[in-house]
Amino acid sequence: MAFVGVDKAVFCPSMDSFLGALKGVLAAHHAARSPEDLWGFSGLAFRTQVHRTLNPAGLFLRQWDETYPRIVRRLGFDCFSGLRDFYYTEDDLPQLQRGWMGNIERHLEDGLPAIAYGLHGPAFGIINGFDDTTEDYRVSTFLDGQHDGPVNAQDLGSHHPPRIFVLIVTSRLEKHDPRAALMEVLRETAAHGGGTECDAKGQPVEVPGDLALAGDAFDAWIQALAARNVAPHWGAAVTAGYHLEARALGAAFLRGTAKVLLPEHAGALDEAAAHLEREAAVLQGVAKLFPSAQPEALDDPQRRIEAAHALTAAKAEHASALVLLKRLVTETP
């Protein structure tokens, strides 16, 4: 067999590349999921996290081997994954690449594509085909239409930084409770709003010093712009665009799926959604202040002042939404 592929698994544009890859992979499982459900059940709709220089890498979750499988299961699917972010020897990465090559090929033969990090850049994408003659992966990424070339199996993962991550969605969960999944999201959101995040065992996870969460993230965002400490310069646009998409789709999730699952809290969900919609409108203005193709925009003091006022307003709207969502946790059995 020279080539095996899953044609339906195509990356779907999203400011969060994991969600874009997951949407495409679920389509191969004949399970369409709306963007608002992906953002909502993942919990990413309600999180605020930034790097203190607005580096887009600061938008990723941490502990990928725990956090991303948890998102998949909340959506009703089982999966397995592997993360290695350190190497014992120089031979570790080649050995991991070889092991994943056989694993990925076997699953593609069963119609199961893989999600992997770093295929055509620092983002998640889909491996939807494999040629065992050339040992090339056919991939679908955020660069579809611009960079469509294959990725060789020996190029999966990286030494600098040390990282290789693959996740394969395997099957539907036999028992899946969407309401329970939503409540898990709300509990996680409440903890995040307090500046705390926990691992799978419920233990608090230390936040790296170069990241800021929740309300502190808005303050760090304002400070980075004020000091022009933004690297790369287009991180200002990406950070605003990411959280704009998160809030807009988070509001849609609360008004739609969440109200279906928690009809007794329809009023509170509508009110929280309204706060997120106002936050999204403010963030749209911030994104327009710093277009990714205009690095000189960061040098304009008036734009930085406008951004500070806007982000202060966004922080207040988001805090109000989180108060309402946190209240649902305590009021729902």
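**Close-up views of a predicted model**

**Figure 1. Lining of the largest pocket.** In this predicted model, the lining of the largest pocket is made up of 20 nonpolar, 11 polar and 5 charged residues. The pocket holds about 1,000 Å³ of space. Its lining has 36 residues, and those closest to the centre are Pro 56, Ala 57, Phe 60, Tyr 117 and Pro 122. Strand β2 (49–51) and helix α7 (235–255) each contribute at least two residues to this lining.

**Figure 2. The second largest pocket.** This pocket has a volume of about 350 Å³. Of its 20 lining residues, Thr 67, Arg 70, Glu 188, Glu 197 and Cys 198 are the closest to the centre. By class, the lining contains 6 nonpolar, 6 polar and 8 charged residues. At least two lining residues come from α3 (64–74), and at least two from α5 (178–193).

**Figure 3. A buried salt bridge between Glu 197 and Arg 62.** Side chains of opposite charge can pair when their charged atoms come close. Here the side chains of Glu 197 and Arg 62 form a salt bridge, with 2.8 Å from N to O. Glu 197 sits in the loop between α5 and β9 (211–213) and Arg 62 in the loop between β2 and α3, so the bridge ties together parts that are 135 residues apart in sequence. Are the two partners buried or exposed? Both Glu 197 and Arg 62 are buried. Glu 197 is also one of the residues closest to the centre of the second largest pocket.

**Figure 4. A salt bridge between helices α9 and α7.** Glu 279 and Arg 247 meet through their side chains in a salt bridge of 2.8 Å, N to O. Glu 279 belongs to helix α9 (residues 266–289) and Arg 247 to helix α7, and the pair links distant parts of the chain, 32 residues apart. Both Glu 279 and Arg 247 are buried. How many salt bridges does a search of the whole structure find? The search finds 18.

**Figure 5. Asp 300 with Arg 303, and a salt-bridge network.** The closest N and O atoms of the salt bridge between Asp 300 and Arg 303 are 3.5 Å apart. Asp 300 has a relative accessibility of 28%, so Asp 300 counts as partly exposed. Arg 303 is partly exposed too, because its relative accessible area is 25%. The range for this class runs from 20% to 50%. Elsewhere, Arg 70, Arg 74, Glu 184 and Glu 188 are joined into one network by salt bridges that share partners. Two members of this network, Arg 70 and Glu 188, are among the residues closest to the centre of the second largest pocket.

**Figure 6. The largest nonpolar core, with Leu 156.** This core has 78 residues, and those with the most contacts inside it are Phe 18, Leu 22, Tyr 68, Ile 127, Leu 156 and Leu 254. Helix α1 (residues 17–28) gives the largest share, 7 residues. Which residues does Leu 156 contact, leaving aside neighbours within four places in sequence? They are Leu 93, Gln 97, Trp 100, Ile 104, Ala 116, Leu 119, Ile 127, Tyr 137, Ile 164 and Val 166. A second, separate core has 23 residues, including Trp 221, Leu 225, Ala 236 and Leu 298.

**Figure 7. Surroundings of Leu 167.** Leu 167 is placed in strand β8 (residues 164–172). Its relative accessible area is 0%, so Leu 167 is buried; the cut-off for buried is under 20%. Not counting residues up to four places away in sequence, Leu 167 touches Phe 18, Tyr 68, Pro 69, Val 72, Cys 79, Phe 80, Ser 81, Ala 114 and Ile 115. Asp 219 is 52 residues from Leu 167 along the chain, and the C-alpha atoms of the two are separated by 34 Å.

**Figure 8. Two cavities.** There are 2 cavities of 30 Å³ or more. The largest cavity contains about 40 Å³ of space. Its lining consists of Leu 44, Arg 47, Thr 48, Gln 49, Leu 59, Tyr 242 and His 243, which divide into 3 nonpolar, 3 polar and 1 charged. The second largest cavity has a volume of about 30 Å³. Around the second largest cavity are His 233, Trp 234, Ala 236, Ala 237, Phe 290, Pro 291, Ser 292, Gln 294, Pro 295 and Leu 298. By class, this lining has 7 nonpolar, 3 polar and no charged residues. Ala 236 and Leu 298 also belong to the second nonpolar core.

How values were computed. Residues are numbered from 1 along each chain as its sequence is written. This is a predicted model: local features need pLDDT of at least 70, side-chain atom pairs count only at pLDDT 80 or more; totals for chains, interfaces and linings use all residues. Side-chain values use heavy atoms; hydrogens and water are left out. On a 1 Å grid over the protein atoms alone, a cavity is a set of points where a 1.4 Å probe fits but cannot get out, and a pocket is an open set with protein on both sides within 12 Å along at least five of seven lines; lining residues have an atom within 4 Å of a point. Grid points are joined across faces, edges and corners, and a volume is the space filled by probe spheres set on the points. Helices (H or I, at least four residues) and strands (E, at least two) are DSSP runs, numbered from the N terminus. Ala, Val, Leu, Ile, Met, Phe, Trp, Tyr, Cys and Pro count as nonpolar, Asp, Glu, Lys and Arg as charged, and the others, Gly among them, as polar. A nonpolar core is a set of buried Ala, Val, Leu, Ile, Met, Phe, Trp, Tyr and Cys residues joined through side-chain atoms within 4.5 Å. Buried means under 20% relative accessible area, exposed over 50%, partly exposed in between (1.4 Å probe, protein chains only). Contact means heavy atoms within 4.5 Å. A salt bridge is a side-chain nitrogen of Lys or Arg within 4 Å of a carboxyl oxygen of Asp or Glu.
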